[in-house]
Amino acid sequence: MTGTLTIAGLGPGDDAMVTPEVTAALAAATDIVGYGPYVARVAPREGLTLHPSDNRVELQRASAALRLASDGRHVVVVSSGDPGVFAMASAVFEALEEKSQWQALSIRVLPGVTAMLAAAARAGAPLGHDFCAINLSDNLKPWTVIEKRLRLAAEADFAIAMYNPRSASRPEGFARALQILNEAGCGERLAIFARAVSTPEERIETVSLRDARPEMADMRTLVIVGNSSTRRVGRFVYAPRQVR
Ligand code: SAH
């Protein structure tokens, strides 16, 4: 087996946020595998085959990538942001668990700038103290787990980064998430809505959680709810380094 499999993060959108390590891996690739819009971020060239696929077929996509690598290809599986954050790296390892003969392949994971970090940097430093990240999609876990984690994160006074807040197929989940956080006493906390960070459509909006409306988020939005000390200074939002 002389093929290789690289699982790479393309960052939040801007080419300037693709790491040099990922750029080098893309330049050496024979095949790019991933969700269509992410594969479209890789420039076509001779000798490079693009394999775009649909969003919900992560495991098949991971197996297809491993199969190509075992045929001797140099495959890069692309994710947006970081490939280990609610993305393809876990799917590849799940596929690897199923087929032990692929475990001899040369596999590496290359980090990328995840949406939460790009959004936090735009806002200031809302993740400057303890924080957690929650995926609000209930495709791969029951909604009861999401609710429990939101409640406990609020109680623990973590800043909370919320990925996949709201899609057309799940419009009610984010409204419920806001309600849970309000009921947990977070109404005065700052909520940052960071949409399409580092793209021409970027928009950053900060409101008190009690004024947040579900329509303020879509699938291109990352929402950060500050902890109880998070505050504004000028146009910035930050979490102080010390908590009483
Ligand atoms: N692996 C990705 C996350 C994939 S889940 C990463 O590390 O960033 C997809 C979710 O990420 C979106 O619903 C949104 O919440 C967030 N996201 C991805 N790119 C974004 C961007 N440029 N601006 C704001 N949020 C983004």
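Start by selecting the ligand: you'll find it sitting in the largest pocket. Keep in mind as you click around that this is a predicted model.

Next, bring up the shell. The ligand is surrounded by 19 residues, and the closest include Asp 82, Val 85, Thr 114, Met 219 and Thr 221. Colour that shell by class and you get 12 nonpolar, five polar and two charged residues.

Now for the polar atoms. Select Ser 80 and show its backbone: a polar atom there is 2.9 Å from a nitrogen atom of the ligand. Then hop to Ala 115, where a backbone N or O atom lies 2.9 Å from an oxygen atom of the ligand. For a side-chain partner, pick Asn 164, which places a polar side-chain atom 2.9 Å from a ligand oxygen atom. Switch on a surface here, too: the ligand taken alone exposes 550 Å², and the protein buries 91% of that.

Time to zoom out. Colour residues 4–113 as domain 1 and residues 116–238 as domain 2, following the domain assignment of the chain. Their centres, taken over C-alpha atoms, are 28 Å apart. To see where the two touch, look for eight residues from domain 1 and 12 residues from domain 2, which make up the contact.

Last stop: put the ligand back on screen with both colours showing. Where does the ligand lie relative to domain 1 and domain 2? Both domains give residues to the shell around the ligand, so the ligand lies between them.

Definitions and conventions. Residues numbered from 1 in each chain as written. Predicted model: local features only at pLDDT ≥ 70, side-chain atom pairs only at ≥ 80, totals over all residues. Heavy atoms only, no water. Near = heavy atom within 4 Å. Polar contact = N/O pair within 3.5 Å; in protein donor to acceptor, adjacent residues only side chain to side chain. Areas by Shrake-Rupley, 256 points an atom, 1.4 Å probe, with all protein chains shown as cover. 1 Å grid on protein atoms, 1.4 Å probe; cavity = no way out; pocket = protein on both sides within 12 Å on 5 of 7 lines; lining within 4 Å. Sits in = over half its atoms within 2 Å of the grid points. Nonpolar A, V, L, I, M, F, W, Y, C, P; charged D, E, K, R; others polar. Domains from an automatic or database assignment. Contact = heavy atoms within 4.5 Å.
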